[in-house]
Amino acid sequence: MPELREPDLPRTAKQRPRALRTGWTTGTCASAAARAAALHLVTGEPQPWVEVALPSGRRVTFAVERSARLRPGRTEAVVVKDAGDDPDVTHGSLLTATVSWRDEPGIELHGGIGVGVVTRPGLGLEVGGPAINPVPRAMISQAVGEVVDVAVRGVDVTISVPDGEKRARKTTNARLGILGGISILGTTGIVRPFSTASWRASVEQAVSVAAAQNVPAVVLCTGGRTEKGAMELLPGLPEVCFVEVGDFTGAALRRAVEHGMGRVVFVGMVGKLTKLASGVLMTHYTRSKVDTAVLADVTRAVGGPEPVAEEVAVANTARHAYELWDAAGLLPSAGEELCRRVVEVLERFTDRRITAEAALVDFTGRAVIARHSGGGSDGGGLLP
């Protein structure tokens, strides 16, 4: 039975006297640079401003720091990363896109200097390819595709960050097997400022608001994707039930207990669930890490072969362990056991005053892989 732990907040936690300013992800800035370079390539003129679409459909405008014609058929543009009030190591980076014509139709996306190369599995990206996540890839393709009819004419797009390798030393990239630079990230295109104290307060407030509505349960979700997925999975619950809890599960549970709430549902992906199953109730990456030994123990508990358990024990990430379970046909049973352990931790943390339910979702956040209901019940939970 794991020891329950709720580590202190990072030093970046501070109350601020003013509203925090949002910023833009590296993916959004890369897409803006790519559009600027593509426009320069097509029109022959540098563009001082460009407009790009966020995944939500909202369009935003960026200043172009620099745009140049490198040679006939090849241009380069730079957009400066603005992370707003978030303490992001990539703030001020020069997101650089080089665009050139290619012989065949379509877009070929490449990683240049300062963009990391994926060297290990478990990240959802091709090993050996650039660390440019799926949403930024789509944003870059859309930004360029609005300028060039890629069904007729092809372009090569290379994203680079001149000081990316140096900045990456302040990240966990090397530990995850992303070498040589930063990752091009983002799921919404927007950086929401990381003030942990204010985020924790907002989580506690959201639970209080839900309790005031006499809802049957509060649904704690680790992020935007899982929250959206949880809403689709539980359409009968009012929107006020759903709380994007981030790293502050412990704070949310305490507030739920204070208000006498009887049931909590936790919906998350494998990484956060693993930390919770390990007894960690404040899961920020600077204060806890995924313990793959727990996942190896889960593998053995469901009768997984020892060679698979040993592979899981040295997995690069929780996602890598998830993929190993899937390949071995263990994902449903291992996922259920992981959820059972999470439920046990959540109920212990609240001295059994709350009945917990946990669901493991896939990396879209929308498909339930496994679930477990606590409180001594055999099924009968809220999740399908």
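In which hand does α9 pass α10? I will come to that crossing after a word on what we have in front of us.

This is a predicted model, in which local features need pLDDT of at least 70 and side-chain atom pairs count only at pLDDT 80 or more, while totals for chains, interfaces and linings use all residues. Residues are numbered from 1 along each chain as its sequence is written, and side-chain values use heavy atoms, with hydrogens and water left out.

When I say helix or strand, I mean DSSP runs numbered from the N terminus, H or I with at least four residues for helices and E with at least two for strands.

Back to the opening question, then: α9 passes α10 in a right-handed crossing, where right-handed means that the near helix is turned clockwise from the far one by less than a right angle, and left-handed would mean anticlockwise. The axes of α9 and helix α10, which covers residues 306–313, come within 7 Å and cross at roughly 165°; axes here are lines fitted to C-alpha atoms, for helices over the stretch in contact, and angles run from 0 to 180 degrees between N-to-C directions. The two helices are therefore roughly antiparallel to each other, a term for angles over 145 degrees, with those under 35 called roughly parallel, 65 to 115 roughly perpendicular and the rest oblique. On the α9 side, T292, L295, A296, T299 and R300 meet E306, V308, A309, E310, V312 and A313 of α10, contact meaning heavy atoms within 4.5 Å. The residues of this contact divide into six nonpolar, two polar and three charged, where Ala, Val, Leu, Ile, Met, Phe, Trp, Tyr, Cys and Pro count as nonpolar, Asp, Glu, Lys and Arg as charged, and the others, Gly among them, as polar.

Let me turn next to the sheets. One open sheet of five strands runs in the order β4-β5-β6-β10-β7, with mixed pairing, and two strands are said to pair if DSSP finds at least two bridges between them. Its edge strands are β4 (66–71) and β7 (106–111), each of which pairs on one side only, and neighbouring strands are turned by 20° against each other on average, direction ignored. Within this sheet, β6 (residues 94–102) and β10 (residues 154–160) pair in the antiparallel sense over seven bridges, and V99 stands opposite V157 in β10. Helix α1, residues 26–43, lies across β4, β5, β6 and β10 and runs at about 40° to β6, whereas helix α2, residues 134–145, packs on the sheet by touching β7 and β10, its direction making about 130° with that of β7.

On the edge strand β4 we find R71, which at 44% relative accessibility counts as partly exposed; buried means under 20% relative accessible area, exposed over 50%, and partly exposed in between, using a 1.4 Å probe and protein chains only. R71 and S100 are 29 residues apart in sequence, and their C-alpha atoms are 9.4 Å apart in space.

A second open sheet of five strands has the order β15-β14-β16-β17-β18, again with mixed pairing. Here β15 (242–244) and β18 (368–373) stand at the edges with a single partner strand each, so one side of each is left without a neighbour in the sheet. Strand β14, residues 218–221, pairs with β15 in the parallel sense over three bridges, and L220 has V243 as its bridge partner in β15.

Across β16 and β17 lies α8, running at about 130° to β16. How many of the eight residues of α8 are buried? The count is six, so helix α8, residues 270–277, is mostly covered, and the buried ones are V270, L273, T274, K275, L276 and A277. What covers them includes α7, β16, α9, α11, α12 and β17. After α8 comes G279, with a positive phi near 95°.

I will close with three single residues. N214, in the loop between α5 and β14, has a positive phi of about 55° although it is not a glycine, and it is exposed, with a relative accessible area of 69%. R352, in the loop between α12 and β17, is also not a glycine and has a positive phi near 65°; its relative accessibility of 47% makes it partly exposed. H320, by contrast, sits in helix α11 and is buried at 14%, touching P121, G122 and A315 when residues up to four places away in sequence are not counted.
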